[in-house]
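Thanks for making the time this morning. Please take a look at the sequence and the structure on the screen, and then I will walk you through a few parts of it.

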Amino acid sequence: MEALPRETIVDVLEARLREDILAGRHPAGSYLPPERQLADGYGVTRTTLKHAFGRLVQAGLLETRHGVGTKVRDYARLGGADLLPMLVRHDAKWVREIFEVRRSVGALIAERAAARATRAHHAELRRLLEAVRDADGADAVQLADVEVHRALARATGNRVYVLLTNTLFNAYLPVRAALRGPFTDAGTAHRRLAPVVEAVTSGDGRQAHAAADAYLRDTEQIMLEGLV
């Protein structure tokens with residue numbers, strides 16, 4: 001049996017600082033107190049504080065200015081989609097906004113895939129759709145469903161759609177366990193998704209858009225019920 005990872009003092013401090021920033025206790029655009037004062041306040045060494053700062057700089061929440069101090073970055077204005085998993089962990093209400101984008105982008109991807117997919121893409125989509133029906137357990141069905149959507153994005157021939165699809169799925173990974181509602185029955189999940197694949201493989205862009213929109217709305221409603 002693998003040993004469970006242990007949180008270090010840097011992990012704990014990083015989490016505390018991140019929570020304080022996202023909760024507005026250190027507002028965007030403000031400078032943090034001097035390092036010595038902040039370290040004393042959290043009961044840690046300045047070395048530990050610097051390590052935590054480094055992680056939060058990498059995460060896009062802080063920026064350091066030599067000789068000036070450490071500033072809270074205006075992540076809502078300047079940040080990228082890579083911040084979404086962290087924001088979802090802080091506040092699950094972000095999921096609703098992610099789903100709104102997922103619905104719009106997903107329907108457009110299906111439409112583009114219908115127009116551009118090759119025979120090889122069609123074969124892959126059909127194979128992955130069958131994998132949804134054959135998956136065992138909600139977790140496996142959910143992951144199989146994700147692979148169909150990744151394949152739809154690849155079928156557009158536009159790599160940005162692939163990256164957007166990955167970004168949106170990664171965004172709600174922190175709460176994925178609460179979003180398994182549409183995937184508890186493999187047969188139902190397969191039947192729900194099949195019209196999207198059928199429309200794409202038949203080359204009907206309008207129907208693919210409509211089918212994807214219906215699928216995304218239905219699954220969104222079920223998944224949001226799991227977050228209540």
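Let me begin with a question about a single helix: what should the 18 residues of helix α8, residues 138-155, span at 1.5 Å a residue, and how far apart are its end C-alpha atoms? The expected span is 26 Å, and the end C-alpha atoms are 26 Å apart, so the two values agree. I should say at once that this is a predicted model, and that the values I quote are computed from it.

Staying with α8, the buried residues include Ala138, Val141, Gln142 and Ala144 towards the start of the list, and Leu152, Ala153 and Ala155 towards its end. Asp145 and His149 are also among the buried residues of this helix. As for what they pack against, the buried residues of α8 meet α6, α7 (119-134), α9, α10 and α11 (205-225). Just after α8 comes Gly157, which takes a positive phi of about 75°.

Let me step back to the chain as a whole. The protein chain has 11 helices and two strands, and from the N terminus on these elements run α-α-α-β-β-α-α-α-α-α-α-α-α. The C-alpha trace spans about 65 × 40 × 30 Å along its principal axes, and 41% of the 228 residues count as buried. If we take the contacts between residues at least 6 apart in sequence, 69% of them join residues that are at least 24 apart. The accessible surface comes to about 12700 Å², and carbon and sulfur atoms account for 51% of that area.

For the N-terminal part, we have an annotation to set beside the model: UniProt, in an unreviewed entry, places the feature "domain: HTH gntR-type" at residues 7-75. Over residues 7-75 the chain is 54% helix and 12% strand, with the end C-alpha atoms 26 Å apart. One residue I would point to here is Pro34, which lies in the loop between α1 (9-22) and α2 (35-42). Is Pro34 buried or exposed? Pro34 counts as exposed because its relative accessible area is 52%, and the cut-off for that class is over 50%. Pro34 and Thr70 are 36 residues apart in sequence, while their C-alpha atoms are 8.3 Å apart in space.

The last topic is the aromatic rings. How many aromatic pairs does the structure hold? There are two. In one of them, Phe99 and Tyr172 meet edge-to-face, at 5.5 Å centre to centre and with 75° between the planes. This pair links distant parts of the chain, given that Phe99 is in helix α6 (residues 94-116) and Tyr172 is in the loop between α9 (159-171) and α10 (186-201), 73 residues apart. Phe99 is buried, with a relative accessible area of 0%, and Tyr172, at 5% relative accessibility, counts as buried too. The other pair is formed by Phe169 and Tyr172, whose ring centres are 5.9 Å apart and whose planes are at 75°, so this pair is edge-to-face as well. Both Phe169 and Tyr172 are buried, and the ring pairs link Phe99, Phe169 and Tyr172 into a cluster. Finally, Arg102 lies over the face of Phe99, at 5.2 Å from the ring centre.

Technical notes:
Residues numbered from 1 in each chain as written. Predicted model: local features only at pLDDT ≥ 70, side-chain atom pairs only at ≥ 80, totals over all residues. Heavy atoms only, no water. Phe/Tyr/Trp six-rings, centres within 6.5 Å; stacked < 30°, edge-to-face > 60°. Helix = DSSP H or I, 4+ residues; strand = E, 2+ residues; numbered from the N terminus. Buried < 20%, exposed > 50% of the residue type's maximum accessible area, 1.4 Å probe, protein only. Lys NZ or Arg CZ within 6 Å of the ring centre and 35° of its normal. Expected span 1.5 Å × (residues − 1). Contact = heavy atoms within 4.5 Å. UniProt positions renumbered as here; feature names shortened; annotations may be inferred. Areas by Shrake-Rupley, 256 points an atom, 1.4 Å probe, with all protein chains shown as cover.
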